[in-house]
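I am keeping these notes while I look through the structure, one item at a time. I begin with a single backbone angle and then work outwards to helices, chains and contacts.

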Amino acid sequence: MRTYVLRRLIEIVPTILMITFVVFVMMRSIPGDPVVALLGDAYTEEDAVKVRTEYGLDKPILVQYVIWLGKLVQGDWGTSILSGRPVLKDVMVRFPVTLELIVLSMAVALAIAIPAAIIGALRQNTWADYSATSIAMIGVSIPEFFAGVLLLLIFSVAMHGTLPSSGWIYLPGTCPMLVCIGSVWGNAMHVLMPAIALGIGRAALLTRLLRASMLEVIRTEYVTTARAKGLAERPVVLKHALKNALIPTVTVMGLQVGFLIGGAIVVETLFAMPGLGTFGIDAIIARDYQQVQGFALITAFAFVMINLIVDLTYSVLDPRIRYA
Amino acid sequence: MSTVPDAGVAAVGALEAQSRSTTSESPLALALRRLRKNKTALVGAAIAAILVVVAIFADVLAPQSPIASDQRHTFETPSRAYPLGTDQLGRDMLSRIVHGSRISLAVGVASVLLALFVGVPFGLIAGFYGGRIDTVIMRVMDLILAFPIYLLAIILMVIFTPTAGLIGTIKVVGAIAIVRIPIYARLVRGSVLSIKEKEYIEACRALGVRDPSILFHHVLPNSLAPIIVTTTLGIATSIIVEATLSFLGLGTQPPTPSWGWDLKANVAFIHQNPWLSLFPGLAIFVTVLGFNLFGDGLRDALDPRMK
C-alpha cells in the first residue's frame, strides 16, 4: 500500500509538468501580450520592451518555462500582473474558498443521490422511482448558472435577501490573511446557494448512476443469500448492496472533480466569490501569465490528488481490491 | 426526424453483431417500436423538433427585431405588446429568445458533428491498427481529457478571441468540438477493439477485403449504436457548454442574440427585474432537457440491455 501511494505520488510529477507546460504554451499563443494589461493602451514601444525584458517575455517559450519551473521549486510562483502580489499568496487566500465550495457541493450531491437512488432501486417502477428518476433528469439538464439564478430568485429576490447574493465570509480558522473576520454562520449563509447550485447537477447524475448499479447489485446472489439468512432489510441494503454499488459512483465522482473545478469558475463568477475560479478566469482574460500558471498548477495538483484519493477509496469499499 | 434511419442502421448493426439472434421482426421495426412506446423520449423528440422549427423560422416567428433597442420601452414588464418584457436596452425578450435558439442549436449540433467527424476516424484507426499509432493518438486524446472541460474551452476561446456573427459562432463550435473529440475517439476505439476479434472480420480478411473497406463497411456500422446515443446526449452537453461560455462573456459576442449572454446581462438586474433572468435560463433548460430525454430514449431503444 505504502509503495503504491509513493509510486502514484511520483507519477503526479510528469502529469503536472505536462499540464502546466501545455497551459504555458497555449497562453503564449493568445494574440497580444500582457504588456497591455500592465501599461494600459497608451505606452511607448520603449516601455513595452522594458517590461518584456523585466518579465522575461523576450526569451524563447521553452526558456521561459524552464525559468518558471526553476523559480517554482524555490517556492516562487511569480508575481501577478493583475494584483501585483506574489501568485502563491493569492492562491493561498483563494484556495480555501474553492475547496469548501467543491467539498460541500459534493456533500450536497451525495446527500441527495444516495437516498434517492436507494428509493428508486428498491421501489423500481413505482411512483417513488418515477419521481426520483424524473427529478434526476431535470437536475441533469440544469446548467450550474441557471440553478444559481433560480436560487437567487427564490432566496435573495422573493425572500428579500434571506441569503446574500454575493461575497464571502471565511470559516474561522481557514482565513489566511492577517485581518479577516471569520464566522461560522456568515460562512454558511454565503456558501449555501453556491454549493447547492454546483452540487445539484452532480446529485442528479449520481442518482441515475447509483440507481442503475443498485438495481444490478440487488439482483446478485449474495444479496439473495443475505436476505435468505434472515438479515434485516436495512443491513442488506446499506452494508451489502450500497457498498458494492458505490464503486462505479466513486469513479464517476473522481471524474466529476474536473467538471466541478470548471463549474466553480461559473458559480464563483455568478456569486462574486473570491475563489480560485474567479482568480483563474480573470487571469486568463487579462493574459496574466504568472497568475494563469499558478491557477493551472493548483488545479492540476488538486485534480491528480483527488484521483489518487478515489483510487484509494476503492480498497475501502471493496477489500478484494488491494494495492501493492 | 433524420434519426430514424440512423437508428435502423445501428439496430441492423447490433443484430449483425449478434448473428445468432432469432427475431422474426426487423431490427429497425423493433427499435422504432421501443422508441414509440417510450413516452418521455417522444416528449424529448417533440421539444427538439419544435426548437428546430423555431430556429429555422425565427425571422417569421419573432414579433420584433431581437437587436433593435428602444429607449422608450426599457425594462417593460411582460404585457401583450411584449409577452416576456424588454431588457435594459428596450429589446423584446421573446424575440431575443426565439433568435437565441439559433446559436444554441447551431453550436450544439455543429460542434458535436465536427467532434464526431474528427474523433471517429481517430478512434477507428487507433483501435484497428493498435501499436504505436494507437499509443500516439490516445496519449493526445488523454491530454485533452486531462483538462477540466470548461477550462480548456475557456482557454481556447481566449486564443480564438470571441467575435460576433457567423465567424464568432464558428469559433465557439471549434472550441467545443476540440474538447469533445476524445470522447468519440475513446468510444469508437473501445468498440473496434471488441469487434475486430469477431469471426466475420476474420472472414473479411480471409476474403481479401482491404482495410479501409473493413473499417467503414463492417467495423463502423457495428459500433454505430453507442455513437448515436452519445451524439444525441452530446448535443445537450454542448448546448450547456455554449451557454456557459456565453455566460462568462466568451461565446458569440453581441449583437448576436445568445441565451447565455442574455442571462449574464440580465442577472445584473435580478433584484429590479427578476423575470428577465428567468426566461433565457428556462430556454436553455428546456432545450437541454429535450435532447437529454430523447437521447435517453434512444439508448433504451437501441440497447434494451442498458435499461
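Which residue follows H11(B), and what is the sign of its phi? I looked this up in the model, which is a predicted one, and I found that Gly249(B) follows H11(B) and has a positive phi, near 85 degrees.

**Entry on H11 of chain B**

I then turned to the helix itself, which runs over residues 224-247 of chain B and holds 24 residues. At 1.5 Å a residue I would expect a span of 34 Å, and because the end C-alpha atoms are 34 Å apart, the expected and found values agree. I also noted that H11(B) is not straight throughout, since there is a bend of about 25 degrees at Gly234(B). When I checked how covered the helix is, I found that 21 of its 24 residues are buried, which makes H11(B) mostly covered.

**Entry on chain B as a whole**

I counted the elements next and wrote down 13 helices and 0 strands for chain B. The C-alpha trace of chain B spans about 75 × 45 × 30 Å along its principal axes. Of the 307 residues in chain B, 49% are buried. I also looked at the contacts in chain B with a separation of 6 or more, and 71% of these join residues that are 24 or more positions apart.

**Entry on the nonpolar core**

I looked for the largest nonpolar core and found that it has 159 residues. Among the members that touch the most others are Ala113(A), Met214(A) and Ala264(A) from chain A, and Ala153(B), Ile154(B) and Met157(B) from chain B. This core draws at least three residues from each of domain 1 and domain 2 of chain A. I followed up Met157(B), and, leaving aside neighbours within four places in sequence, its contacts include Pro162(B), Lys171(B), Leu245(B) and Leu250(B).

**Entry on the two domains of chain A**

The domain assignment divides chain A into domain 1, residues 2-73, and domain 2, residues 94-317. I noted that their C-alpha centres lie 32 Å apart. The contact between these domains takes 15 residues from domain 1 and 12 residues from domain 2. On the side of domain 1, H1(A) gives the largest share, with 9 residues. I sorted the residues of that side of domain 1 into 10 nonpolar, 3 polar and 2 charged.

**Entry on where chain A touches chain B**

How many residues does each chain bring to the contact? I found 30 residues from chain A and 31 residues from chain B. On the side of chain A, helices H1, H6, H7, H10 and H11 each supply at least two residues, and H10(A) has the largest share, with 8 residues. I divided the residues of this side of chain A into 25 nonpolar, 5 polar and no charged.

**Entry on Gly199 of chain A**

Is Gly199(A) buried or exposed? I found 29 C-beta neighbours inside 10 Å, and because 20 or more are needed for a residue to be called buried, Gly199(A) counts as buried. Gly199(A) lies in helix H8 of chain A, residues 184-217. Not counting residues up to four places away in sequence, Gly199(A) touches Ser105(A), Met106(A), Val108(A) and Ala109(A). As a last check I took Val63(A), which is 136 residues away from Gly199(A) along the chain, and the C-alpha atoms of the two are separated by 41 Å.

Note on methods
Residues are numbered from 1 along each chain as its sequence is written. Chains are lettered from A and ligands numbered from 1 in the order in which they are written. This is a predicted model: local features need pLDDT of at least 70, side-chain atom pairs count only at pLDDT 80 or more; totals for chains, interfaces and linings use all residues. Two residues are in contact if their C-beta atoms, placed from the backbone, lie within 7 Å. Helices (H or I, at least four residues) and strands (E, at least two) are DSSP runs, numbered from the N terminus. Ala, Val, Leu, Ile, Met, Phe, Trp, Tyr, Cys and Pro count as nonpolar, Asp, Glu, Lys and Arg as charged, and the others, Gly among them, as polar. Domain bounds come from an automatic or database domain assignment. A residue is buried if 20 or more other C-beta atoms lie within 10 Å of its own, exposed if 12 or fewer, and partly exposed in between; C-beta atoms are placed from the backbone. The expected span of a helix is 1.5 Å times one less than its number of residues. The bend at a residue is the angle between axes fitted to the seven residues ending there and the seven starting there. A nonpolar core is a set of buried Ala, Val, Leu, Ile, Met, Phe, Trp, Tyr and Cys residues joined through C-beta atoms within 7 Å.
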